[in-house]
Amino acid sequence: MSESVKVLILEPFFGGSHKQLIDTLQCVYSKSASPFTFSIFTLPPKKWPWRARCGALMLSEKIPSECSYDTLLCGSDLNLSELLGIRPELHKLKKVVYFHENQLVYPVQKTEKLDFQFGYNQVLTAVAADIVLFNSRYNMQSFLQSIPSFLQKIPDYKPRNVVEKIRNKCKVQYFPIDFDAMPRPVLKPNEHDSKSDRRLHIVWAHRWEYDKDPKTFFDTIFELQDNGVEFYVSVLGQGFTDVPAIFSEAKSKLKEGTIKNWGYLPSRAEYLTVLRSCDVAVSTAVHEFFGVSMMECFYSGCYPLCPNRLVYPELYPRDCLYNTGRQLYKKLREFCRKPWLAFELRKKIDADFTPYSSDTARDEFFEILNTRCKDGNGDVGLPSKRIKVSEKSPDG
């Protein structure tokens with residue numbers, strides 16, 4: 001390509017996997033002559049509800065008035081329809097939206113009411129986009145299948161045929177992880193021979209928020225501790241404005257010497273070193289569409305224990321899934337009693353990480369970001385085969 005494609009990237013919540021996606025795209029296209037020139041405008045990862053409500057106006061003021069771009073890439077937290085109304089000159093760009101998650105299936109706490117606006121913004125964004133990317137099949141299916149019932153909440157003049165306006169623009173694009181930048185996993189026991197007298201090292205590496213259900217995790221390891229089972233635990237991940245109280249309770253309740261690591265590790269190298277020292281990675285999430293940290297744990301040699309729901313059956317072997325909190329407790333208890341067992345079972349998993357590799361994504365995003373609008377109406381065809389949306393339940 002003789003002239004680079006100018007890509008405008010907008011992210012109202014520049015943290016966690018949202019930041020990692022943009023960093024990874026920059027990295028993979030910097031390894032050789034890049035066909036793209038990126039212009040990136042972001043907002044700090046604070047007060048997510050306000051970023052979702054006001055991000056379009058905030059970011060519209062950051063974009064230069066004299067702009068010349070070919071493609072717009074943004075996350076689904078940005079209300080794209082609002083942005084295009086504020087900055088109509090951006091409508092001519094090829095508009096690509098990446099859904100890290102969707103708000104239509106957010107598990108509302110008992111003390112809260114559903115904020116219709118968050119899900120509605122995402123529906124409008126999908127309608128306004130030319131290509132809609134999802135980080136998993138579960139994410140795409142749950143979004144499309146939830147739209148009709150979600151829009152039924154509107155008291156009158158209910159929109160019709162919205163799913164049909166979105167479906168043909170959808171594609172599953174797994175989250176790209178730069179495995180080349182991670183130390184190659186060494187699948188051997190962490191200490192001496194497999195029957196050494198050592199403790200199991202458990203890691204929980206997620207955002208410190210309600211939808212990752214930290215209470216179930218801590219209640220499980222509290223019970224292990226109360227029953228005299230010994231283990232080490234590393235609780236990683238980032239906390240934001242409202243950290244659930246269970247974290248401070250856990251830090252004081254766990255016995256001295258049990259906690260190996262606690263909190264966010266700003267050094268990527270240190271974070272990966274900790275993952276390689278762990279035996280079992282646990283998820284208790286009630287709202288998850290890919291789970292970058294779990295995949296990184298898995299690649300680093302941890303045996304994954306995930307709930308048999310959400311995206312996890314799509315990504316992990318059946319034996320790594322649990323159906324109830326009691327099953328999670330029993331699996332962890334067995335691993336604690338036989339610390340070498342997690343290693344033995346992990347070694348037997350023939351995992352293929354190719355679909356989640358940034359090398360794979362490089363070629364796919366190359367095609368997606370290079371696809372120009374065919375006409376002034378923004379008629380853009382998907383570059384790859386679309387995945388048919390099942391009529392079954394997303395968990396089925």
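This is a short dialogue on reading helices, packing and backbone angles in a predicted model.

Me: Where do I start? How many helices and strands does the protein chain have?

Reply: Start with the counts. The protein chain has 14 helices and 12 strands. This is a predicted model. Of its 396 residues, 52% count as buried.

Me: What share of the contacts comes from residues 24 or more positions apart?

Reply: Take the contacts in the protein chain with a separation of 6 or more. Residues 24 or more positions apart account for 76% of them.

Me: Now a single helix. Why does the span of helix 1 agree with its residue count?

Reply: Multiply the rise by the number of steps, which is one less than the number of residues. Helix 1 covers residues 16-30, which is 15 residues. At 1.5 Å a residue, helix 1 should span 21 Å. Its end C-alpha atoms are 21 Å apart, so the two agree.

Me: Which residues of helix 1 are buried?

Reply: The cut-off for buried is under 20% relative accessible area. In helix 1 the buried residues are His18, Gln20, Leu21, Ile22, Thr24, Leu25, Val28 and Tyr29.

Me: And glutamine 26? Is glutamine 26 buried, exposed or partly exposed?

Reply: Glutamine 26 sits in helix 1. Its relative accessible area is 35%. Partly exposed runs between 20% and 50%, so glutamine 26 is partly exposed.

Me: What does glutamine 26 touch, apart from its neighbours within four places in sequence?

Reply: Glutamine 26 is in contact with Phe38 and Ile40. Look at phenylalanine 38: 12 residues separate it from glutamine 26 in sequence. In space the two are 7.9 Å apart, C-alpha to C-alpha.

Me: Next, helix packing. At what angle do helix 1 and helix 14 cross?

Reply: Read the angle and the axis distance together. Helix 14 spans residues 358-370. Its axis and that of helix 1 cross at roughly 85° and come within 10 Å. Angles of 65 to 115 degrees count as roughly perpendicular, so these two helices are roughly perpendicular to each other.

Me: Which residues make the contact of helix 1 with helix 14?

Reply: Helix 1 supplies Leu21, Thr24, Leu25, Val28 and Tyr29. Helix 14 supplies Ser358, Ala361, Arg362, Phe365 and Phe366. By class, that contact has 7 nonpolar, 2 polar and 1 charged residues. Go back to the burial list: Leu21, Thr24, Leu25, Val28 and Tyr29 are among the buried residues of helix 1.

Me: Try another pair. How do helix 9 and helix 10 pack?

Reply: Helix 9 is residues 268-277 and helix 10 is residues 292-299. Their axes are 9 Å apart, at an angle of about 60°. That makes helix 9 oblique to helix 10. The crossing is right-handed. Arg268, Tyr271 and Leu275 of helix 9 meet Ser293, Glu296 and Cys297 of helix 10. These residues divide into 3 nonpolar, 1 polar and 2 charged.

Me: Last topic, backbone angles. What sign of phi do most residues other than glycine have?

Reply: Most have a negative phi. Now look at lysine 47. Its phi is near 50°, a positive value in a residue other than glycine. Lysine 47 lies in the loop between strand 2 (36-42) and helix 2 (48-60). At 51% relative accessibility, lysine 47 counts as exposed.

Me: Where does tyrosine 157 lie, and what is its phi?

Reply: Tyrosine 157 lies in the loop between helix 5 (137-151) and helix 6 (162-167). Tyrosine 157 is not a glycine, yet its phi is positive, about 50°. Its relative accessibility is 79%, so tyrosine 157 counts as exposed.

Methods
Residues are numbered from 1 along each chain as its sequence is written. This is a predicted model: local features need pLDDT of at least 70, side-chain atom pairs count only at pLDDT 80 or more; totals for chains, interfaces and linings use all residues. Side-chain values use heavy atoms; hydrogens and water are left out. Helices (H or I, at least four residues) and strands (E, at least two) are DSSP runs, numbered from the N terminus. Buried means under 20% relative accessible area, exposed over 50%, partly exposed in between (1.4 Å probe, protein chains only). Axes are lines fitted to C-alpha atoms, for helices over the stretch in contact, and angles run from 0 to 180 degrees between N-to-C directions. Angles under 35 degrees count as roughly parallel, over 145 as roughly antiparallel, 65 to 115 as roughly perpendicular and the rest as oblique. A crossing is left-handed if the near helix is turned anticlockwise from the far one by less than a right angle, and right-handed if clockwise. Contact means heavy atoms within 4.5 Å. Ala, Val, Leu, Ile, Met, Phe, Trp, Tyr, Cys and Pro count as nonpolar, Asp, Glu, Lys and Arg as charged, and the others, Gly among them, as polar.
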